[in-house]
Amino acid sequence: MAQTDTVTRILDTAEVLFAERGFAETSLRNITGKAKVNLAAVNYHFGSKKALIQAVFSRYLDPFSDRFHAAIDELERGYGDRVIPLEVLLESMARTVLEVPAERHSLKVFMRLLGLAYSQAQGHLRRYIQDQYGTVFTRFVALVRKATPELPDSERFWRLHFALGTVIFTLSGLDALRDIAEKDYDEHVSVRDLVRRMMPVVVSALKAPLPEPAPTMPPATREPTA
C-alpha cells in the first residue's frame, strides 16, 4: 500500500470514529483495527494521537481558512470603508462552510468535529486551532463587531457561541432532520435550503435587544433582638 493511501485511510477512519465516539473514547487501536493498518504506521506518519487529531482538523480547517480569508478579502474590497452587513458576513461564512466538506468527507462529520472542538477539546487542540487558524476568526469577529456596535463584547461573545451551537446541532443532525421533514411535512430539504432557513434565525439572535438586567435582591434584614 502506498504511503499516501495509508495516510488517507488512517485519517478517513480517525475522523469518522472521533466524530462518532469522541477523542478520549477513541483509541489508536480502534483506529488501526478499523483502518486495517498496524500501530507502527500511525506512529510513523503522525507520531502521536495528539498529532493525529490535529491532522484530522487540518484537513478541513486548512482549506476553510484559505477560502474564508479570500472571501473576507473580497468583501472588504467590495465594501471599502463601509460596514459589511451582518447578513452578508454570515452568508459568506456559511457558503465557505458548505464548500469545504465537499472536498473531504461529509458536512455531518465536519460539524460533529467542530462540536467536539468546543465540548471535548483538550488544551493542545485549542492551542493548535488558535495558533493555526486564529487569524481568520479574529478577522471575522472584528467585522462582526463593526456590524453590531450596540453589543458589548461579552454579549457578542455569547451570541456568537449560541449561534455556532445552533449551526453545529442542526447540521450535525442533518440526516435525522431531513427524514422528519420528509415524513411529517412532505418536504425534501437540501443542505442549502436548511442554511437559508437557519440564517434569519441566527441573524435575529445576534441582533436581538439586550436582555434586561437581572433584578437586584434587597439586602437581607435581621430580626430585632430583645
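**Fold, salt bridges and surface patches of an all-helical model**

The protein chain has a radius of gyration of 22 Å, whereas a compact globule of 226 residues would have one near 17 Å. The model is predicted. Its C-alpha trace spans about 80 × 65 × 45 Å along the principal axes. The secondary structure comprises 10 helices and 0 strands. In sequence order, the pattern reads α-α-α-α-α-α-α-α-α-α. Of the 226 residues in the chain, 41% are buried.

Salt bridges were examined next. Side chains of opposite charge can pair when their charged atoms come close. A search of the whole structure returned 13 salt bridges. One of them joins the side chains of Glu-76 and Arg-139, with an N to O distance of 2.9 Å. This pair links distant parts of the chain. Glu-76 belongs to helix H4 (residues 49–79), and Arg-139 belongs to helix H7 (residues 123–147). The two residues are 63 residues apart. Glu-76 has a relative accessibility of 34%. Glu-76 is therefore classed as partly exposed, a category that runs between the 20% limit for buried and the 50% limit for exposed.

Other pairs lie within a single helix. Glu-91 forms a salt bridge with Arg-95, and the closest N and O atoms are 3.8 Å apart. The separation is within the 4 Å cut-off, so the contact counts as a salt bridge. Both residues sit in helix H5 (residues 86–99). They are separated by about one helical turn because they are 4 residues apart in that helix. Glu-91 is partly exposed, at 37% relative accessibility. Arg-95 is also partly exposed, with a relative accessible area of 38%.

In helix H8, the side chains of Arg-159 and Glu-155 meet in a salt bridge at 2.8 Å, N to O. These residues are 4 residues apart, about one turn of the helix. Are Arg-159 and Glu-155 buried or exposed? Both are buried. Each therefore has under 20% relative accessible area. A further group, made up of Asp-12, Glu-15 and Arg-59, is linked in a network of salt bridges.

The surface carries a nonpolar patch. Phe-157, Trp-158 and Phe-162 form this patch, and together they have about 360 Å² of accessible area. Phe-162 is located in helix H8, which covers residues 153–172. Its relative accessible area is 53%. Phe-162 is exposed because this value is over 50%. Helix H8 thus holds Phe-162 of the nonpolar patch and also the Arg-159 and Glu-155 pair.

Positive charge also gathers on the surface. Which residues make up the patch of positive charge? They are Arg-9, Arg-21, Lys-34 and Lys-36. Arg-9 lies in helix H1 (residues 3–21). Its relative accessible area is 35%, so Arg-9 is partly exposed. Lys-36 lies in the loop between helix H2 (28–35) and helix H3 (39–45). Lys-36 is exposed, at 67% relative accessibility. Patch members must have over 30% relative accessible area, a condition that Arg-9 meets at 35% and Lys-36 meets at 67%.

Backbone torsions were then considered. Lys-36 has a positive phi of about 60°, although this residue is not a glycine. Asp-186 is another residue other than glycine with a positive phi, here near 55°. Asp-186 is placed in the loop between helix H9 (174–185) and H10. With a relative accessible area of 62%, Asp-186 is exposed.

Helix H10 spans residues 191–207 and includes Lys-207. Lys-207 counts as partly exposed, at 43% relative accessibility. How far apart are the C-alpha atoms of Lys-207 and Thr-148? They are separated by 7.4 Å, while the two residues are 59 residues apart along the chain.

How values were computed: Residues numbered from 1 in each chain as written. Predicted model: local features only at pLDDT ≥ 70, side-chain atom pairs only at ≥ 80, totals over all residues. Heavy atoms only, no water. Patch = residues over 30% accessible without salt bridge, like charges linked within 9 Å, V, L, I, M, F, W, Y side chains within 5 Å. Areas by Shrake-Rupley, 256 points an atom, 1.4 Å probe, with all protein chains shown as cover. Buried < 20%, exposed > 50% of the residue type's maximum accessible area, 1.4 Å probe, protein only. Lys, Arg positive; Asp, Glu negative; His and termini not counted. Charge placed at Lys NZ, Arg CZ, Asp CG, Glu CD. Rg over C-alpha atoms; globule rule 2.2 N^0.38 Å.
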